[in-house]
Structure formats: structure tokens, C-alpha cells
Amino acid sequence: MPPATMPGSVRAAQILIWVMAGLVMLVVVIWGAGVGAEEAGRLFATNLMGWVLFVLAFRYGTGGNGVRVASIVLASVQIVMSLGGIAQGNGGGGIPLFGAIALVVLLNQGAAAQWFKRPRAGGPPYGQ
């Protein structure tokens, strides 16, 4: 039987994405004020997948399994991009790196998969 309410792991993933986006934006603004706009732009680009995840997080309550899979793929790409940003010396790369790792772990739990695969009104029966 699919869960009736959003599981804690999915809600935690959703909140984590929103908090990460806020923290990264704060670091970008501070970094830009101290170092310059070009460096802030590089830092912003390091979290490019995080901005797409930010938008996807709003679909966690109603979206299907494609939202979960897309989030896992984007978080995986974010991990690689963050490692590249850290290697190039961008100071804020650690926030999206650790957040993306946690996101992959949270969305790969069984309860999360059941939530995103649950039947929807007017949709095909569960499991099809």
C-alpha cells in the first residue's frame, strides 16, 4: 500500500534543497561583494543543477517517479560539478556537494520510491 502522506525522507529532501539554495545564494552574494562579480558567477554556475533541483522540489508533493529520478540524476551531476568547483578554488562548492550527496541518499530510500510511484487520480493503476 503506498503512503498516504509524504514520507519524512522525501520531505527532508525537499527542505534540504530549499535550504541549500538559500545558503548557496547567500554565499554567492557575500563572495561577489568581497571578490567580484566574475568569481560570484563562477560560484553560482558551480550550483547550476541545484537551481534546477530547487524548481523540481516544488513537484515532490504531486510529481511522479520521473521527478525523483530527475532529482537523483541532477544531484549526481551536481556532485561532479561541485567537485570541479572545489578543485578550481571556488569556496562555496562544499555546500552543494554535501547537500547533493544527502539528497541522493534520501531519494534512494524505499519510502521515497513508493511515494513517487503511488497511484494518482485519473492515472493508471499502481505499478503500471
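Which residue lies over the face of Trp115? That residue is Arg118, placed 3.6 Å from the ring centre. A charge counts as sitting over a ring if NZ of Lys or CZ of Arg is within 6 Å of the ring centre and within 35 degrees of the ring normal.

Colleagues, this is a predicted model, in which local features need pLDDT of at least 70, side-chain atom pairs count only at pLDDT 80 or more, and totals for chains, interfaces and linings use all residues. Residues are numbered from 1 along each chain as its sequence is written, and side-chain values use heavy atoms, with hydrogens and water left out.

I turn now to the aromatic pairs. Searching the whole structure yields four of them. Rings of Phe, Tyr and Trp (its six-membered ring) pair if their centres lie within 6.5 Å; planes under 30 degrees apart count as stacked, over 60 as edge-to-face and the rest as tilted.

One of the four is the tilted pair of Trp18 and Phe58, with 5.1 Å centre to centre and 40 degrees between the planes. Trp18 belongs to helix α1 (residues 8-34), while Phe58 is in the loop between α3 (48-56) and α4 (65-87), so the pair links parts of the chain 40 residues apart; helices are DSSP runs (H or I, at least four residues), numbered from the N terminus.

Phe58 also pairs edge-to-face with Phe54, at 5.5 Å centre to centre and 90 degrees between the planes. Ring pairs thus link Trp18, Phe54 and Phe58 into a cluster.

How values were computed. Helix = DSSP H or I, 4+ residues; strand = E, 2+ residues; numbered from the N terminus.
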